[in-house]
Amino acid sequence: MGRCALPPLPRYPTVDELGARAAALVARHPRDARLRRVGTSRAGTPLWLLSVGHGSRQALIVAGPHANEPVGGATVLRLAERVLADPRLTEGADATWNLLLCLDPDGSRRNEGWLHGPYTLGRYVRHFFRPGFLEQPEWLPDGAAGAALPETRALLDLQDELRPVLQCSLHGVDIGGGFVELTRDLPGLDRRLAHIAARLGIPRELGAYDALYWPGLGPAVYRIPPPRRAGLVAAMTEAAVESTWYHPYRHGTVTAVVEAPMWGVTAVADGSQPADRDAVLRAVSRTLRHDTDLLRYLLARIRPHLATAPDAARLLAPVDDYLLVCPGLADAWDPDTGDSPGHPLPALSTAHLVALRISGRRLALRTAGLLHQLVRAAGRDPGGVLPDLDRLIDEWCAEYRDGCGARWIPVARQAEYQARVVLAAFELAGRHTRACSGSGAAPGEPVPLQRD
């Protein structure tokens, strides 16, 4: 009875629930599972690593790299139970599974107002938090040597300690579809992904905005180009910035960024050619500029009253980041300003255009949600903006629901999808390692950026 599996959570786990369930799992499987503290967050929260198995081939699975993407927590719990139940994934594969429960626990705690549901877009947006770009622990704006965040340093040290065959970074797409980004090709992953997505009813994002300028390795699988230093706008539009995804490349590690959607949109899987690409791009860019101007106006009404608001600086940092990059994104997507001979837009399918439409409005919604929290944190509404923010949030969420057909995907299905993709990537990474062991290829050779 003591070895019975814990029932899967039908909702996202909180940071404390993750730790408690991992500890309970170790108590049930003391020979095969270990839990250790590998670092401490800025607020003093432990960073816990759950390791299962005793093999020489290390897999590192990182949950919670973005504070508003909690699916990874549910996924690592599911993976731990599955790996413990199937010795083929440990002894049979000579593998140890290292599951980092949450890379950004401080930011994740700030999202706990919506984690237990009800799962509506409006509730998600009004409780949304994601730190400013410089406080996101996977990004290395000053390179690995200059990494300042303790969460980042803990992950870098763990990568260098384990030298994993595979690293999976577990991300969540709030609205759209599932896709994978790789630092090295894993031939066959696109077919595995298609099968998994079809079985679970998850749309594949065939034109992911994150990978707009990146080479494709198959439908919904993209190659992350070698990193380079870049400003915020370039990082948001085309650059593979220096990150913890590429840090273990020198060890021969394959990193897979596995994106699972919360609200699925069928049209992101439409690979057809659009009837009028430029008209859609102009509309998306025009809307983003309009939304940005409106949000700047509302922020100007709020800002003078925030001097004494608790935690205003932490909420303002991502607001300022979003409002900084939005005009550059609008220009980059506009065929009249961004599609030049020296910097052409890639070939765009209907899926790409749908993804850009979703992404532009996503930035506006996130900003509106953060402004909403700033007003609530102030304890009053001296700028009189709360009714405007509520109206905008409701209208923009309705556009996702009614205009894009966004539909909620249950948490258990999100986690199952992500877990199956991780297991497929692990199997294929093992084949990649064996194939390369006698190839003579120099490990860590950068692959030049291509534009497909």
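**Helix packing, salt bridges and local backbone geometry**

Helix α9 crosses α10 in a left-handed sense. In this predicted model, the axes of α9 (residues 277-302) and α10 (residues 312-333) come within 9 Å and cross at roughly 150°. Because angles over 145 degrees count as roughly antiparallel, the two helices α9 and α10 are assigned to that class. On the α9 side, the contact is formed by L281, V284, S285, L288, R289, T292, L295, R296 and L299. These residues meet L316, V319, D320, L323, C326, P327, L329, A330, D331 and W333 of α10. By residue class, the contact of α9 with α10 comprises 13 nonpolar, 2 polar and 4 charged residues.

A second helix pair is formed by α1 (residues 15-28) and α2 (residues 71-85), which pack at an angle of about 5° with their axes 11 Å apart. Angles under 35 degrees count as roughly parallel, and α1 is therefore roughly parallel to α2. Helix α1 contributes L18, R21, A22, L25 and R28 to the contact, while α2 contributes G73, V76, L77, A80, E81 and L84. The residues of this contact of α1 with α2 divide into 7 nonpolar, 1 polar and 3 charged.

Side chains of opposite charge can pair when their charged atoms come close. A search of the whole structure identified 34 salt bridges. One of them joins D86 and R88, with the closest N and O atoms 2.9 Å apart. The two partners differ in their exposure: D86 has a relative accessibility of 17% and counts as buried, whereas R88, at 64%, counts as exposed. The cut-offs behind these assignments are under 20% for buried and over 50% for exposed.

Other salt bridges link distant parts of the chain. D160 pairs with R250, the closest N and O atoms being 3.1 Å apart. D160 belongs to helix α6 (residues 150-162) and R250 to the loop between α8 (232-237) and β9 (254-264), so that 90 residues separate the partners of this long-range link. With a relative accessible area of 29%, D160 is partly exposed. R192 and E427 likewise form a salt bridge, with an N to O distance of 3.2 Å. This pair connects helix α7 (residues 189-200), which holds R192, to helix α13 (residues 411-436), which holds E427, across 235 residues of the chain. Both partners are partly exposed, R192 with a relative accessible area of 26% and E427 with a relative accessibility of 37%. In addition, R42, E135, E151 and R314 are joined into one network by salt bridges that share partners.

Helix α13 also contains Q418. The relative accessible area of Q418 is 0%, and the residue is accordingly buried. Leaving aside residues up to four places away in sequence, Q418 touches V71, G72, T75, L170, H171, V258 and A260.

Most residues other than glycine have a negative phi, and most peptide bonds are trans. Against this background, three sites were noted. The peptide bond joining G117 and P118 is cis, with omega about 0°. P118 is located in the loop between α4 (112-115) and α5 (121-126). D94, a residue other than glycine, has a positive phi, near 50°. D94 lies in the loop between α2 and β4 (95-100) and is partly exposed, with a relative accessible area of 35%. R163 also has a positive phi, near 45°. R163 is found in the loop between α6 and β5 (166-176), and its relative accessibility of 53% places R163 among exposed residues.

Technical notes
Residues are numbered from 1 along each chain as its sequence is written. This is a predicted model: local features need pLDDT of at least 70, side-chain atom pairs count only at pLDDT 80 or more; totals for chains, interfaces and linings use all residues. Side-chain values use heavy atoms; hydrogens and water are left out. A salt bridge is a side-chain nitrogen of Lys or Arg within 4 Å of a carboxyl oxygen of Asp or Glu. Buried means under 20% relative accessible area, exposed over 50%, partly exposed in between (1.4 Å probe, protein chains only). Helices (H or I, at least four residues) and strands (E, at least two) are DSSP runs, numbered from the N terminus. Axes are lines fitted to C-alpha atoms, for helices over the stretch in contact, and angles run from 0 to 180 degrees between N-to-C directions. Angles under 35 degrees count as roughly parallel, over 145 as roughly antiparallel, 65 to 115 as roughly perpendicular and the rest as oblique. A crossing is left-handed if the near helix is turned anticlockwise from the far one by less than a right angle, and right-handed if clockwise. Contact means heavy atoms within 4.5 Å. Ala, Val, Leu, Ile, Met, Phe, Trp, Tyr, Cys and Pro count as nonpolar, Asp, Glu, Lys and Arg as charged, and the others, Gly among them, as polar.
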